[in-house]
Structure formats: structure tokens, C-alpha cells
Amino acid sequence: MGLSSYRLNPSIAVSDISEAAQFYEGKLGLEPGPEQSDESRIYPCGGGTALHVYVSPTAAASGDGTLATWYVPDLDRLVDELGAAGLAFERYDDPALKADERGIHERDDGRVAWFSDPDGNTFAIEEAD
């Protein structure tokens, strides 16, 4: 099955969410969606897609942040399936990102697993309804 049938949204790391909001809203004309927090914004775009902008000062400075996120209904099943195909999931050394043995991170706002492509580009798979 893989990831081809799931919705994909790019995620962009920024160092300051207020400054980013001024840019994405003021200069690009994007309207924030209903799901916002102090550390992220989701900007709905055409075709059911959206741009996710989130605070990550280290990743924003290095370009190492998450570039795109797939939203899936059953994260456990998909992580197991992709892991069996040889995909390795990231485990971050951050107390706010507790990961299980498979690399699924439990956060206050949901569950997510990150992986990188051969060039080091980081992608996420997030559980969504």
C-alpha cells in the first residue's frame, strides 16, 4: 500500500512564528486555518492541501526540518509496513518527543514518526482522523 494514497502537506521550519505569520499571511496572502497554536500555523491551500509552518529554531537555521507530512488513519500499521520494507525511523533525543521502539513519537497533540531519505531530507507520517 505505501504512502501514495494519503494526503501530503509540506512542513516548513521557522525560527519565529510571529515573523513567519507576517510573511505567509501578509506577503503571500495565506489565511490561517482553524487549527493553530503558539508554535505552528496551518495554511489551507487548493485541492485539500495545506502548508504547515512550525517553530524549530535549530532546524530553521540548518534547513534540517520536516519538509512534508503524510496524514494517515493508522500510524502503527503503516510504520510496521514501512519498517518491514527496510525504512528506519528517527528517534530524537528530546524529552518532549518520547519515542517507542519503532520510532513513533507521542506528543501532546498527536502521534508522529519521522524518517529521512538518502539525502537527509526529513519527512513525517502523522496519525490523523
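Ser56 sits in the loop that links β3 (50-55) to α2 (57-62), in a model that is predicted. Helices and strands here are DSSP runs (H or I of at least four residues for helices, E of at least two for strands), numbered from the N terminus. With a relative accessible area of 17%, Ser56 is buried; the term buried stands for under 20% relative accessible area, exposed for over 50%, and partly exposed for what lies in between (1.4 Å probe, protein chains only). Leaving out residues up to four places away in sequence, Ser56 touches Ala13 and Val14, where contact means heavy atoms within 4.5 Å.

Let us follow one of those partners. Val14 belongs to strand β1 (residues 7-14), and its relative accessibility of 10% is why Val14 counts as buried. Beyond the neighbours within four places in sequence, Val14 is in contact with Ala20, Tyr24, Val53, Tyr54, Val55, Ser56, Pro57 and Ala60. What is the C-alpha to C-alpha distance in space between Val14 and Arg111? They are 21 Å apart in space, with their positions 97 residues apart in sequence.

Just ahead of this strand comes Tyr6, in the segment before β1. Tyr6 has a relative accessible area of 14%, so Tyr6 is buried. Tyr6 and Glu90 are 84 residues apart in sequence, and their C-alpha atoms lie 21 Å apart.

Now for the interior. A nonpolar core is a set of buried Ala, Val, Leu, Ile, Met, Phe, Trp, Tyr and Cys residues joined through side-chain atoms within 4.5 Å. The largest such core has 15 residues, of which Leu3, Val72 and Ile125 touch the most other members. Two or more residues of this core come from each of β4 (66-72), α3 (75-84), β7 (110-116) and β8 (122-127). Helix α3 gives the most to this core, with four residues. Leu3 shows how these parts meet: setting aside neighbours within four places in sequence, Leu3 is in contact with Trp70, Val72, Leu78, Leu82, Phe115 and Ile125. Apart from this core lies another, of nine residues, and Val14 is among them, along with Ile17, Tyr24 and Leu30.

Strand β7 also holds Ser116. Is Ser116 buried or partly exposed? At 25% relative accessibility, Ser116 counts as partly exposed. Its contacts, not counting neighbours within four places in sequence, are with Glu90, Asn121 and Thr122. Ser116 and Leu87 are 29 residues apart in sequence and 8.9 Å apart in space, C-alpha to C-alpha.

Stepping back, the protein has three helices and eight strands, and along the sequence they follow the pattern β-α-β-β-α-β-α-β-β-β-β. The C-alpha trace spans about 45 × 30 × 30 Å along its principal axes. For 129 residues a compact globule would have a radius of gyration near 14 Å, and the 15 Å of the protein agrees with that; the radius is taken over C-alpha atoms, and the globule rule is 2.2 Å times the number of residues to the power 0.38. Buried residues make up 38% of the 129. Among contacts with a separation of 6 or more, 53% join residues 24 or more positions apart.

The surface completes the picture. The accessible surface comes to about 7600 Å², with 51% of this belonging to carbon and sulfur atoms; the areas come from the Shrake-Rupley method with a 1.4 Å probe. The 9 positive and 25 negative charges have mean positions 2 Å apart, with Lys and Arg counted as positive, Asp and Glu as negative, and His and the chain ends left out. Each charge is placed at NZ of Lys, CZ of Arg, CG of Asp or CD of Glu.

Residues are numbered from 1 along each chain as its sequence is written, and side-chain values use heavy atoms, leaving out hydrogens and water. Because the model is predicted, local features need pLDDT of at least 70 and side-chain atom pairs count only at pLDDT 80 or more, while totals for chains, interfaces and linings use all residues.
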